[in-house]
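Visitor: I'm new to looking at protein models. Could you walk me through this one, feature by feature?

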Amino acid sequence: IGSKPSATPVFDGSHVGQWYCVGSRVRLNDAGQSNGAFQVWIDGELGANTTGLNWVGAFDAYGINSVFLENFWNSGSPQQQDRFFDNLVVSTQRIGCGS
């Protein structure tokens, strides 16, 4: 979440080759207020949490209109590898991790 790292270092060398269930939650702010939130969950544990966000400014006629999946290794990957995104779900309720 920006400059807040997760407590689970999924991008370090000791975690190469492992699958993770990564979920995120966005709570839009009320129009004109900074009461939005963004959370990241890794394997069911809260990894990062930012509150006091102003996602939509004063607008109240719309909500989230896009979802982006990005991945960047700040210091470079510890080895050549691929990343896969599987079972992407967008929901109004928590999905959680399961088999």
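Guide: Sure! Keep in mind that this is a predicted model. Start by looking for helices and strands: this chain has zero helices and three strands. Going from the N terminus, the elements run β-β-β.

Visitor: What order do the three strands take in the sheet?

Guide: To read a sheet, go across it from strand to strand. Here the order is β1-β2-β3, the pairing is antiparallel, and the sheet is open. Its edge strands are β1 (22–27) and β3 (45–53), each with pairing on one side only. From one strand to the next, the twist averages 10 degrees.

Visitor: How many bridges join β1 to β2?

Guide: For that, look at the bridges between the two strands. Six of them link β1 with β2, which covers residues 36–42, and this pair runs antiparallel. Want one to find on screen? Ser24 has Val40 in β2 as its bridge partner.

Visitor: What share of the residues is buried?

Guide: Buried means under 20% relative accessible area. By that cut-off, 13% of the chain's 99 residues are buried. You can look at the surface as well: the accessible area is about 7,800 Å², and carbon and sulfur atoms account for 50% of it.

Visitor: And what does the C-alpha trace span along its principal axes?

Guide: About 45 × 30 × 20 Å. For contacts, check how far apart the partners sit in sequence. Of those between residues at least 6 apart, 44% join residues at least 24 apart.

Visitor: Last one: how far apart are the mean positions of the positive and negative charges?

Guide: They are 8 Å apart, taking the 5 positive and 8 negative charges of the chain.

Notes
Residues numbered from 1 in each chain as written. Predicted model: local features only at pLDDT ≥ 70, side-chain atom pairs only at ≥ 80, totals over all residues. Heavy atoms only, no water. Helix = DSSP H or I, 4+ residues; strand = E, 2+ residues; numbered from the N terminus. Buried < 20%, exposed > 50% of the residue type's maximum accessible area, 1.4 Å probe, protein only. Contact = heavy atoms within 4.5 Å. Areas by Shrake-Rupley, 256 points an atom, 1.4 Å probe, with all protein chains shown as cover. Lys, Arg positive; Asp, Glu negative; His and termini not counted. Charge placed at Lys NZ, Arg CZ, Asp CG, Glu CD. Pairing = 2+ DSSP bridges. Axes fitted to C-alpha atoms, helices over the stretch in contact; angles between N-to-C directions.
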